[in-house]
Amino acid sequence: RAEDGSAAWLRYAPPPNAHQLQQYVPNKIAILNGTVTSPVFSAGKELKQGIESILHRNNATSITSHLSRTDIIIVGTLDQFTKAYGNIGSETKLEGDSFWLKYDTSLKNVYIIGADQRGALYGVFEYLRLLALGSDVSKLNVVRAPMGPIRWVNQWDNMGGDITREYGGDSIFFSNGNISQNLTRAGQFARILSSIGINSCVVNNVNANATLLSSSNIQGLARIADVFRPWGVQLSISIDFAAPQDFGGLSTYDPVDPTVVSWWDSKVKELYTAIPDMGGFLIKADSEGQAGPAQYNRTLAQGANIFADALAPFNGIVMYRAFVYNQLNESDMKADRANAAVQFFQPFDGQFRDNVVVQIKNGPIDFQVREPTSPLFGVLQKTNVAMEVEVAQEYLGQQCHLVYLPPLWKLTLDFDLQVDNKPSKVRDIISGKRFNRALGGMAAVTNVGLNSTWLGSHLAMSNLYGYGRLAWDADSSSEEIIQDWIRLTFGHDQKVIQVIQDMSMQSWPAYENYSGNLGIQTLTDILYTHFGPNPQTADGNGWGQWTRTDKYGLGMDRSVSTGTGFSGQYPPKVAKMYETFETTPDELALWFHHLNYTHKLHSGKTVIQHFYDAHYEGAQTAANFVSMWKSLDGKIDAERFEDVLERQVYQAGHSIVWRDSIVNYFYNWSGIPDTHGRVGHH
Ligand code: GCU
């Protein structure tokens, strides 16, 4: 099959056993009660197209309105299904967005039944996934429900048409300050999102531009919502906190000022008149120059609740970002940006409205190659929370390096904070289970653009796919996810599956090896590009992503007894583990402790020797990726083969640049040569 980047993993190529599946897949499809723009209608079309492609049926599958009792695929909501077919599925309980998939062996029917229309659509995508994977569908009888209701993506698109962290081309939503005329790609994107269970997309940058709220742009947003709607994707937007003043012409944006409150109320009404099913607002306030409630000495809760109250009548949601911090002075040994989120948010736990969700980055700093879990997840027990991750590989090679991220995300999802000495995995906190919250889930920063591969790299798409799978079910394993993605994207050849899986599973450890080790953070350029090695930029600035490197050692002492106190933000058992080097795992040793270069790690190596070895190992792994990929020559279409090859060659070279910059940097500081003679001997 030729490269069709826009199809992503929805290529619907026949699996090797396609002919064995034929007999279990009827060729009539009945859609219960779908209007043309409804998700259930897209579901029917998708199903027909998918089946014909996967099972090689040339136009032999038809969509019918005649509800025969046998030999038919029925797609609809549980309500409609029960009306039409009586009590066949009456024992099935379905809640928001979930679905029931069954093959009825006696009637030879397939039931794809959703709690709601979106659920039916998700059921269709799941059924097509199973067929495309060549799974046994003859005994199908499953109910699938998502981990939580929040499964969002955040595009950081600017209204000019560029994208922050743009590696996949310009915006599919905006151009020249307006919503683009041609929204074909936006509709295709919604289809892709829907196939992995994503139910809302924030279309504009968190650093929001208030002109988005002009009447003509609201009409434009309504056009985006129109192309999202058939796929069950709700449009959401980022809001500039100062919009009442910046854009509305008021003299203030104080969130408790009555004129401000009514300005937002009427803006929200205008939005929902144009887009009745809008998802809600994403808010970055009091952060990195963005306006916020602090300007008027109002609390974060007051800041969030003004929007919550305006949105509540329309069932809208406020995603309020926890990414709030101030510039700090590095000479203050107690200063620590990692402390900020808990310090800012803890006092207001319980004061946020029920339709507010605090959106917390997985780690306390900013999507570094290795961070501990944000302690805020254990602190906000009377507040809805969601975890924010980055599909955009901002600090992680910007889609020029292969870095498969589900293993990184799962580390946080599976981390047990042991709140009150009870099992408290982050995934059970964000699903709402642990603290009994109604709302929660995940959000991912994505950066799809007009590039035909969506993200600017074929292999990077496994991260978008993996994000969706984990946001639906955090139990899925990284290996299972990558295998499915490879089969759906590149086919079923065993060698192809093995090689891409191996490359993917080795990729994050490799990147960590040749960038920042032991929790010191990525060591990339943090001042401008966030790309390539630039360890010296980490220190001597107000951003607080410090390494505190000197000629004796490096690392931040974040203990309670002698450091910044960050480790004390965790519940007691976890706090105790991180308090001393002895109980801190090596991979976070320098996150929590300032260590001498000669300090012996638990592995038995010294800190400096670990840096040397890891960097050579990481660059070697990246070099291996080239030969691994080359071994697939002839097994993948030439277009994708060449495109990926070029990237792997680049990564192999750039990993040497990384390796040499970092090892020389620390050799120059420490003066300690590599025991293997690679660094510091001339
Ligand atoms: C990073 C990123 C910014 C972004 C910020 C955020 O720092 O570089 O572009 O605005 O995160 O998450 O808000």
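Select helix α8 (residues 258-274) and helix α9 (residues 300-311) in this predicted model. Their axes come within 9 Å and cross at roughly 45 degrees. Angles that are neither under 35, over 145 nor between 65 and 115 degrees count as oblique, and α8 and α9 are therefore oblique to each other. Looking along the pair, α8 passes α9 in a right-handed crossing.

Now show the side chains where the two helices meet. From α8, pick V261, W264, D265 and V268. Opposite them in α9 are I306, F307, A310 and L311. This contact of α8 with α9 has 7 nonpolar residues, no polar ones and 1 charged.

Next, colour residues 133-454. The UniProt record, an unreviewed entry, annotates this stretch as "domain: Glycosyl hydrolase family 67 catalytic". The chain over residues 133-454 is 25% helix and 16% strand. The C-alpha atoms at the two ends of the stretch are 23 Å apart.

Then go to the ligand. Which residues are around the ligand? Select T164, V206, N207, K284, E288, F323, D366, E394 and H530. By class, this shell around the ligand divides into 4 charged, 3 polar and 2 nonpolar residues.

Give residues 456-678 a second colour. In the unreviewed UniProt entry, this stretch carries the annotation "domain: Glycosyl hydrolase family 67 C-terminal". Here the chain is 52% helix and 2% strand. Its end C-alpha atoms are 35 Å apart.

The last stop is another helix pair. Select helix α16 (residues 494-514) and helix α19 (residues 607-630). They pack at an angle of about 155 degrees, and their axes are 8 Å apart. Angles over 145 degrees count as roughly antiparallel, and α16 and α19 are therefore roughly antiparallel to each other. In this pair, α16 passes α19 in a left-handed crossing.

Show the side chains in this contact too. On the α16 side they belong to V499, D502, M503, Q506, A510, N513 and Y514. On the α19 side the contact is made by A614, H615, E617, G618, A619, T621, A622, F625 and M628. Sorted by class, the contact of α16 with α19 has 9 nonpolar, 5 polar and 2 charged residues.

Key
Residues are numbered from 1 along each chain as its sequence is written. This is a predicted model: local features need pLDDT of at least 70, side-chain atom pairs count only at pLDDT 80 or more; totals for chains, interfaces and linings use all residues. Axes are lines fitted to C-alpha atoms, for helices over the stretch in contact, and angles run from 0 to 180 degrees between N-to-C directions. Helices (H or I, at least four residues) and strands (E, at least two) are DSSP runs, numbered from the N terminus. A crossing is left-handed if the near helix is turned anticlockwise from the far one by less than a right angle, and right-handed if clockwise. Two residues are in contact if their C-beta atoms, placed from the backbone, lie within 7 Å. Ala, Val, Leu, Ile, Met, Phe, Trp, Tyr, Cys and Pro count as nonpolar, Asp, Glu, Lys and Arg as charged, and the others, Gly among them, as polar. UniProt positions are given in the numbering used here, feature names are shortened, and annotations may be inferred rather than shown by experiment. A residue is near a molecule or strand if its C-beta atom, placed from the backbone, lies within 6 Å of it.
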